[in-house]
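Here are my notes on the structure you asked about. Please read them with the model open beside you.

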Amino acid sequence: MRIAAAPISWGVCEVPGWGHQLSAGRVLAEMAELGLTATELGPEGFLPADQDLLGRHGLRPVGGFVPVVLHDPGHDPLPGLRATWSGFEEGTVVVLAAATGQDGYDTRPELDETGWRTLLGNLDRIAAEAARAGRVVTLHPHVGTMVESRQEVDRVLEGSSVALCLDTGHLLIGGTDPLDVVDRAPGRIAHVHLKDVDAALAARVRSGELSYTQAVRAGIYRRLGLGDVDVKGIVAGLTAAGYTGWYVMEQDVILDAEPPAGAGPADDVRASVAFLRGLA
């Protein structure tokens, strides 16, 4: 298995006000201490532009999360995306999210038919342009974006050719069984975010009883193997289908303060690494 980390597991997030933000130096050092050799890039501005901080910690980039508005007929996302992926190292997967245009993931507007036609058309345009540029682009169904629910995931699968980032947590919270996606459309999966989830808290998010941010604070994301996602079955299904991409471990957290040295999110990541290596 090709196992990678992600800064969100240390509470580093692009959402304004998303808790205490740890420094890149600390996060990357702890990744390296855990024996990890690859990571996603984190939000814009997390890594210093003028330093090879990843290389100094023995890490390589495998993906970059890029929220972008895809549904607005008056907005062309391609120029901005070209500039973004041109700054990524070769082999770094572009992980798109269909952003609402608002900050955060607690509310989202309804998408009308014009918006859907625009979104699906943009996905095909982006996929074609990325292929010509030798880039891998995926769409990440994500809570609080324009592609969240099972119906919306199915509409993307049926109405576009874009590859998917299979985020097991966001799919489950949005009402999609991630193992079902593996079974139905394994050839569309080009990148994987492995999360485990408390299904009871996920149901409260879907019902509107909890906002997404409240659920993260309440611990909706669990160490791999301790939640209600069939991580073992998903890995087995992807392996049987010939998947050779990255498994990016993610356990989104919100920190209130700087954890003591040697403690904090690294403990959860260490346990998830051990779980995954046990599967391998």
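**Notes on the fold**

1. Start with a single backbone detail. Glycine 35, placed just after helix 1, has a positive phi of about 85°. The coordinates come from a predicted model, and every point below should be read with that in mind.

2. Helix 1 (24–33) comes before this glycine. Its buried residues are Ala24, Arg26, Val27, Leu28, Glu30 and Met31. Strand 2, helix 2 (53–56) and helix 11 are among the elements that cover them.

3. Next, the sheet. In what order do the eight strands of the open sheet stand? The order is 1-10-7-6-5-4-3-2, and the pairing is parallel. Strand 1 (2–4) and strand 2 (38–40) are the edge strands; each has a single partner strand, so one side of each lacks a neighbour in the sheet. On average, neighbouring strands are turned by 25° against each other, direction ignored. As background, strands of a sheet pair through backbone hydrogen bonds, in either a parallel or an antiparallel way.

4. Strand 10 (residues 246–249) is a good strand to follow by eye. Three bridges join it to strand 7 (residues 189–194), and these two run parallel. Three bridges also join strand 10 to strand 1, again in parallel. Valine 248 of strand 10 is the bridge partner of alanine 4, and histidine 193 also stands opposite valine 248.

5. Which way do the side chains of strand 10 point? Trp246 and Val248 point one way, Tyr247 and Met249 point the other way, and all of them are buried.

6. Helix 10 (residues 231–240) lies across strand 6 (163–167), strand 7 and strand 10. The angle between helix 10 and strand 7 is about 160°.

7. The loop between helix 10 and strand 10 holds tyrosine 243. Is tyrosine 243 buried or exposed? Its relative accessible area is 13%, and buried means under 20%, so tyrosine 243 counts as buried. Leaving out residues up to four places away in sequence, tyrosine 243 touches Ile189, Ala190, His191, Val192 and Leu238. By contrast, alanine 202 is 41 residues from tyrosine 243 along the chain, and their C-alpha atoms are separated by 27 Å.

8. Methionine 1 sits in the segment before strand 1. Its relative accessibility is 39%, so methionine 1 counts as partly exposed. Not counting neighbours within four places in sequence, methionine 1 is in contact with Val235, Tyr247, Leu276 and Ala280. Between the C-alpha atoms of methionine 1 and threonine 176, which are 175 residues apart along the chain, the separation is 24 Å.

9. Helix 11 (residues 265–279) has 15 residues. From its first C-alpha to its last it reaches 22 Å, close to the 21 Å expected at 1.5 Å a residue. Pro265, Ala266, Val269, Ser272, Val273 and Leu276 are buried in helix 11. Why do these buried residues line one face of the helix? Seen down the axis of helix 11, they fall within an arc of 120°, so they share one face. The general background is that an α-helix has 3.6 residues a turn, so residues three or four places apart point the same way.

10. The face of helix 11 turned away from its buried side carries the exposed residues Ala274 and Gly278. The cover over the buried residues of helix 11 includes strand 1, helix 1, strand 7 and strand 10.

11. Helix 3 (residues 78–86) can be read in a similar manner. Leu78, Leu81 and Trp85 are buried in helix 3. Down the helix axis they fall within an arc of 60°, so they line one face of helix 3. The exposed residues Ala83 and Ser86 are on the face turned away from the buried side. The buried residues of helix 3 pack against strand 3 (60–68), strand 4 (93–98), helix 4 and strand 5 (137–139).

12. Last, the nonpolar core. The largest one has 90 residues, and Leu119, Leu139 and Ile220 have the most contacts inside it. Helix 4 (residues 113–133) gives the largest share of this core, six residues. Leucine 119 touches Leu70, His71, Ala98, Leu111, Met146 and Val147, with residues up to four places away in sequence not counted.

Methods
Residues are numbered from 1 along each chain as its sequence is written. This is a predicted model: local features need pLDDT of at least 70, side-chain atom pairs count only at pLDDT 80 or more; totals for chains, interfaces and linings use all residues. Side-chain values use heavy atoms; hydrogens and water are left out. Two strands pair if DSSP finds at least two bridges between them. Helices (H or I, at least four residues) and strands (E, at least two) are DSSP runs, numbered from the N terminus. Axes are lines fitted to C-alpha atoms, for helices over the stretch in contact, and angles run from 0 to 180 degrees between N-to-C directions. Contact means heavy atoms within 4.5 Å. The expected span of a helix is 1.5 Å times one less than its number of residues. Buried means under 20% relative accessible area, exposed over 50%, partly exposed in between (1.4 Å probe, protein chains only). The arc is that of the directions from the helix axis to the C-beta atoms. A nonpolar core is a set of buried Ala, Val, Leu, Ile, Met, Phe, Trp, Tyr and Cys residues joined through side-chain atoms within 4.5 Å.
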